[in-house]
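Here are my notes on the model you asked about, as a set of numbered points. Keep the 3D view open while you read and look up each residue as it comes up.

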Amino acid sequence: MSLDYEFMKNTFFLCLKGVPVALNITAVTLLISVPLGFVIAIIRSNKKHPYLSKLLGIYISYNRGTPMIVQIYIIYNLMPYLIFYFCKRLNIDFDVYGMSNMVYAYITFSLCFTAFLAEAFRSGLGTVHKGQYEAAAVVGLSDYQCYRRIIIPQAITALLPILCTNVTGLIKMTSLAFSMAIFDITAIAKVEASADLCFIEAYLDITVIYVVLCLLVELIFKLIEYRVKAHRAVI
Amino acid sequence: MKPFSLELFFKYIIKIVPFLGVTMIYVLASLLIGIVFGFFFAAAKIGNNRFFKLFAYCYTAILRSIPSVVLIFLVYYGVPAIVKPILGVDISRANRLIFIIITLSLYSIAFISEIMRSSYHAIGRGQYEAAVSNGLSGFQAFYRIILPQAFVVAIPNLGNTIISLLKEGSLGFTIGLIDIMGRATLLNAATYSNHILEIYFGLAAIYWGTSALLERLFVYLENRFSLNYKLEHTADKQAIQMEEMV
């Protein structure tokens, strides 16, 4: 087995152009789904809204039980139809077919990732003892104050590692954006590979890129964790 | 675009379901391989040999950060290129199932070795020391004391692993494997994407049902093997009740 090193070098730099796209999707998805996931986790962890949490439970189980690629196909094909229908109903002049593929990617990844995060955050919130909620209520804190001042500071050490695994998972998930005609890292490698028939080289390149990206994310989270722990020790 | 037809939805479910067998084959095969090799990797992580330890940890860290679609292609093109000069056999035309099983096994080794390591540590060294000080040999202590307890701790995580293998394996259609996902893709191509929503909703329903069933199964197993259950269903129950009454 001999590798074409010249091709490998060229493709590596070409594929690096896909990194901002992947990070763009990751960042927007995180911005949407971290707050949403947190709200869902809180709704599901206290028992004030039984029907709503049942409904959210179904949504989460669907997202956890079906492969990402199937969800992408469904949303990518369903969304334009739904938007077109609503715009027609409400008499809004909106060009559905002129919409960027990136918007679909944001919607798809956010919908899926919110479910993952909601479940992860729920288990993170579960590490805080029940007595803490009751104590906060007894002292007279509102729900918001209770979470802001009592629960989240305690849960954050458990939440950070969970968030870290999920963020690396999200970066890996973005490799499926090629099925939405988005030129991210994987799509560029695919095109380059099939042009020159150097499949192994191209995929080795992007393996390196993904591994470095994920390890960097893990490193960043380790640093944040370290800071949070130091902060807690001072208090 | 035509409205969604329930009739077609059920028709396509019936057409896709027979291929669930292929999906289950690669899930179970890779789980089995993962358990066997994952055991050695976990042993390397727990053990004292520096080189093996570093290797096992690096393997897990790298495998966890490769997207499955990339690894599938890497295995699909890479394994035949490695095998050909060594064995002199061209396996690039072999059954695609083999490549998917190799890919998923690589993943499951990483996942399962990590699960085994964490559940071993969850049991605690005290159990091992207590067993050895009672006169059991090292192997006996592991086989009779650590393993049964670690197994129960590992059950929920094993359930998650099997579901994620099921989901990762769906990307096998990219190299032309005909499992439920591949079958749905073929049906979609044959109908010129006219029934795309019915087909993929049907497929999603099958995946959802399968993983929900697997989840239930593992919750049942966890309850069945956990300590509470045993206490409730053996003579110990009476002893506990007696104690409570006193």
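1. Start with B:Glu198. Leaving aside its neighbours within four places in sequence, B:Glu198 is in contact with B:Pro3, B:Phe4, B:Ser5, B:Leu8, B:Phe9 and B:Tyr12. The residue itself belongs to helix α9 of chain B. Is B:Glu198 buried or exposed? With 6% relative accessibility it counts as buried, because the cut-off for buried is under 20%. One caution before going on: this is a predicted model, so treat each value below as computed from a prediction.

2. Next, stay in chain B and find B:Leu166, which sits in helix α7. Its relative accessibility is 0%, so B:Leu166 is counted as buried. Which residues does B:Leu166 touch, if we skip those up to four places away in sequence? They are B:Thr23, B:Tyr26, B:Val27, B:Tyr207, B:Thr210 and B:Ser211. Try the distance tool here as well: B:Leu166 and B:Leu28 are 138 residues apart in sequence, yet their C-alpha atoms are 9.3 Å apart in space.

3. Helix α7 of chain B also turns up in a pocket. The second largest pocket has a volume of about 610 Å³, and 25 residues line it. Nearest its centre you'll find B:Phe39, B:Met116, B:Phe142, B:Leu147 and B:Ala150. Five elements of chain B give two or more residues each to this lining: α2 (20–46), α5 (96–123), α6 (125–133), α7 (138–168) and α9 (196–225). Which of them gives the most? That is α7(B), with nine residues. Sorted by class, the lining has 21 nonpolar residues, two polar and two charged.

4. Now look at where α7(B) meets the other chain. The axes of helix α3 (residues 50–65) of chain A and α7(B) come within 10 Å, crossing at roughly 65°. On the chain A side, the residues in this contact are A:Asn63, A:Arg64 and A:Gly65, and on the chain B side they are B:Asn160, B:Ile163 and B:Lys167. By class, that contact is made up of one nonpolar, three polar and two charged residues.

5. A:Asn63 deserves its own stop. It lies in helix α3 of chain A, and it counts as buried because its relative accessibility is 3%. Apart from neighbours within four places in sequence, A:Asn63 is in contact with A:Gln71, A:Leu111, A:Cys112, A:Ala115, A:Phe116 and B:Lys167.

6. A:Ile74 also has contacts in both chains. Its place is in helix α4 (residues 68–89) of chain A. Setting aside neighbours within four places in sequence, A:Ile74 is in contact with A:Tyr62 and with B:Leu197, B:Tyr200, B:Phe201 and B:Ala204. At 4% relative accessibility, this isoleucine counts as buried. For another distance to check, the C-alpha atoms of A:Ile74 and A:Thr108 are separated by 9.2 Å, with their positions 34 residues apart along the chain.

7. What about the nonpolar core? In soluble globular proteins, nonpolar side chains tend to be buried together. Here the largest nonpolar core has 125 residues, and A:Phe109, A:Ile185, B:Met181 and B:Leu203 touch the most other members. Pick A:Ile185 and list its contacts, not counting residues up to four places away: A:Cys15, A:Gly18, A:Val19, A:Ala22, A:Ile206, A:Ile209, A:Tyr210 and A:Leu213. Apart from the largest core lies another, of six residues, including A:Ile43, A:Leu56, A:Ile60 and A:Ala115.

8. Finally, zoom out to chain A. How many helices and strands does chain A have? It has nine helices and zero strands. Its C-alpha trace spans about 70 × 55 × 30 Å along the principal axes. Of the 235 residues in chain A, 47% are buried. Among its contacts between residues at least 6 apart in sequence, 80% join residues at least 24 apart.

9. One last detail for the backbone: A:Ala181 lies in the loop between α7 (143–173) and α8 (185–196) of chain A. Its phi is near 60°, a positive value in a residue other than glycine.

Note on methods. Residues are numbered from 1 along each chain as its sequence is written. Chains are lettered from A and ligands numbered from 1 in the order in which they are written. Side-chain values use heavy atoms; hydrogens and water are left out. On a 1 Å grid over the protein atoms alone, a cavity is a set of points where a 1.4 Å probe fits but cannot get out, and a pocket is an open set with protein on both sides within 12 Å along at least five of seven lines; lining residues have an atom within 4 Å of a point. Grid points are joined across faces, edges and corners, and a volume is the space filled by probe spheres set on the points. Helices (H or I, at least four residues) and strands (E, at least two) are DSSP runs, numbered from the N terminus. Ala, Val, Leu, Ile, Met, Phe, Trp, Tyr, Cys and Pro count as nonpolar, Asp, Glu, Lys and Arg as charged, and the others, Gly among them, as polar. Axes are lines fitted to C-alpha atoms, for helices over the stretch in contact, and angles run from 0 to 180 degrees between N-to-C directions. Contact means heavy atoms within 4.5 Å. A nonpolar core is a set of buried Ala, Val, Leu, Ile, Met, Phe, Trp, Tyr and Cys residues joined through side-chain atoms within 4.5 Å. Buried means under 20% relative accessible area, exposed over 50%, partly exposed in between (1.4 Å probe, protein chains only).
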